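Dear colleague,

I am passing on a structure that you may wish to look through with the notes below beside it. Please open it first, and then read on.

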Amino acid sequence: MLTSINQTRALFCTLLAAAIAMSCVAIKASAADVEIPPGVADYASAIGELKTSRGKSPIEPVFEAGMQVSPQIQAILPDLSESQYQQVQRQMQGFIVVREAIVVVRPSVDFFRSLARKQGTKADRAFFDIYSRTEPDGNGPFPAYIQQQTEESRCTRFDGKLMVDLYRGWMTFRTTYPDAYASEAQGEIDSLETELLTGICSCEDAGKTTAGLQAFVKAFPDLPITPKIKTRIARIHSGKSGFRFNCHAG
């Protein structure tokens, strides 16, 4: 099982669990009685004001408002009436809201990156540049280093320098803007580390997987996780890694 396929990170998962646990407050006896979370209207107002403002405006507070309400929406999305569903899609401008083959509520990176370039701060622009590389709109609910094979199967792209480049990008952002988008940035770093340490379904063969892990070790020799990655490499060489290479999960 992959460990880093959640559309959001640690904070998002905590909020989603809380939203599901508290669904009895927002959901009545039937689908017609499902209530749209108040945070949806709050976000709609905030993003509207941001888009009509003049000059540079910080995007982070508005983005955070959308991220806060997203798990609540995802928890009730299948139960909304069609009119409610369309209303939420309109109000959550800048977020992908779908309930087709899968239920997804996640930021549209292209939307926010364009907004940041137009009127955001330097921190906004830097965040959405690296965020767009990590969580591209065209990869469904998965980060760029997870390759979706079918609706229910996916594998990890250990080969090449993708994970190295993304990790370096997030570390640079955290160093340059330590107080900006702190939970999202740290969540992306944590997810990359988790996949490097525990991901077992590799899209590539043993040689390419090893090369990718070695590239990370070479790029970050002094990280606390590096010795553990070296151990994974040694286990691949010994044939006792537990990896599934050229993996087709499912």
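What follows goes from the overall make-up of the chain to its core and aromatic residues, then to a cavity and to a few single residues.

Please keep in mind throughout that this is a predicted model. The chain is built from eleven helices and four strands, and 44% of its 250 residues count as buried. When contacts with a separation of 6 or more are taken, residues 24 or more positions apart account for 69% of them.

The core and the aromatic residues

The largest nonpolar core comprises 56 residues, and those with the most contacts inside it are Ile 59, Phe 63, Met 92, Phe 128, Trp 170 and Phe 216. In soluble globular proteins, nonpolar side chains tend to be buried together. For Trp 170, if residues up to four places away in sequence are set aside, the partners touched are Phe 127, Ile 130, Tyr 131, Thr 134, Ala 185, Glu 188, Ile 189 and Leu 192.

The structure holds 25 aromatic pairs. Among them is the pair of Phe 128 and Tyr 181, which is edge-to-face, with 5.7 Å from centre to centre and 80 degrees between the planes. This pair links distant parts of the chain, since Phe 128 belongs to helix H7 (residues 122-134) while Tyr 181 sits in the loop between H8 and helix H9 (182-198), 53 residues apart. Are the two partners buried or exposed? Phe 128 counts as buried because its relative accessibility is 1%, and Tyr 181 is likewise buried, with a relative accessible area of 0%. Both residues also belong to one aromatic cluster, whose other members include Tyr 43, Phe 63, Phe 95, Phe 127, Trp 170 and Tyr 177.

Tyr 181 deserves a second look for its backbone, as its phi is near 50 degrees, a positive value in a residue other than glycine. Asn 246, in the segment after helix H11 (226-238), also has a phi near 50 degrees, again positive in a residue other than glycine. Most residues other than glycine have a negative phi, and most peptide bonds are trans. Asn 246 is partly exposed, at a relative accessible area of 48%, whereas Tyr 181 is buried.

The second largest cavity

The count comes to two cavities of 30 Å³ or more, and the notes here concern the second largest, which has a volume of about 30 Å³. Its lining is made up of Phe 158, Gly 160, Lys 161, Leu 162, Met 163, Val 164, Leu 196, Gly 212 and Leu 213. By class, these are six nonpolar, two polar and one charged residues. Helix H8 (162-176) and helix H10 (206-219) each supply at least two residues of this lining, and the largest share, three residues, comes from H8.

Single residues

Arg 157 lies in the loop between strand E4 (154-156) and H8, and it counts as partly exposed because its relative accessibility is 34%. Leaving out residues up to four places away in sequence, Arg 157 touches Ala 144, Tyr 145, Gln 147, Leu 162, Met 163, Cys 203 and Glu 204; of these partners, Leu 162 and Met 163 also appear in the lining of the second largest cavity. The C-alpha atoms of Arg 157 and Cys 201 are separated by 9.0 Å, although the two residues are 44 residues apart along the chain.

Which residues does Leu 77 contact, once its neighbours within four places in sequence are left aside? They are Tyr 85, Val 97, Val 98, Arg 99, Val 103, Val 104 and Val 105. Leu 77 is found in the loop between helix H4 (60-76) and helix H5 (82-91), and it is buried, with a relative accessible area of 0%. From Leu 77 to Val 103 the distance is 7.4 Å, C-alpha to C-alpha, for a separation of 26 residues in sequence.

Finally, Ala 126 has its place in helix H7 and is partly exposed, at a relative accessible area of 25%. Apart from residues up to four places away in sequence, Ala 126 touches Phe 173 and Tyr 177, and both of these are members of the aromatic cluster described above. Ala 126 and Ala 180 are 54 residues apart in sequence and 10.0 Å apart in space, C-alpha to C-alpha.

With best wishes

Note on methods
Residues are numbered from 1 along each chain as its sequence is written. This is a predicted model: local features need pLDDT of at least 70, side-chain atom pairs count only at pLDDT 80 or more; totals for chains, interfaces and linings use all residues. Side-chain values use heavy atoms; hydrogens and water are left out. On a 1 Å grid over the protein atoms alone, a cavity is a set of points where a 1.4 Å probe fits but cannot get out, and a pocket is an open set with protein on both sides within 12 Å along at least five of seven lines; lining residues have an atom within 4 Å of a point. Grid points are joined across faces, edges and corners, and a volume is the space filled by probe spheres set on the points. Ala, Val, Leu, Ile, Met, Phe, Trp, Tyr, Cys and Pro count as nonpolar, Asp, Glu, Lys and Arg as charged, and the others, Gly among them, as polar. A nonpolar core is a set of buried Ala, Val, Leu, Ile, Met, Phe, Trp, Tyr and Cys residues joined through side-chain atoms within 4.5 Å. Buried means under 20% relative accessible area, exposed over 50%, partly exposed in between (1.4 Å probe, protein chains only). Contact means heavy atoms within 4.5 Å. Rings of Phe, Tyr and Trp (its six-membered ring) pair if their centres lie within 6.5 Å; planes under 30 degrees apart count as stacked, over 60 as edge-to-face and the rest as tilted.
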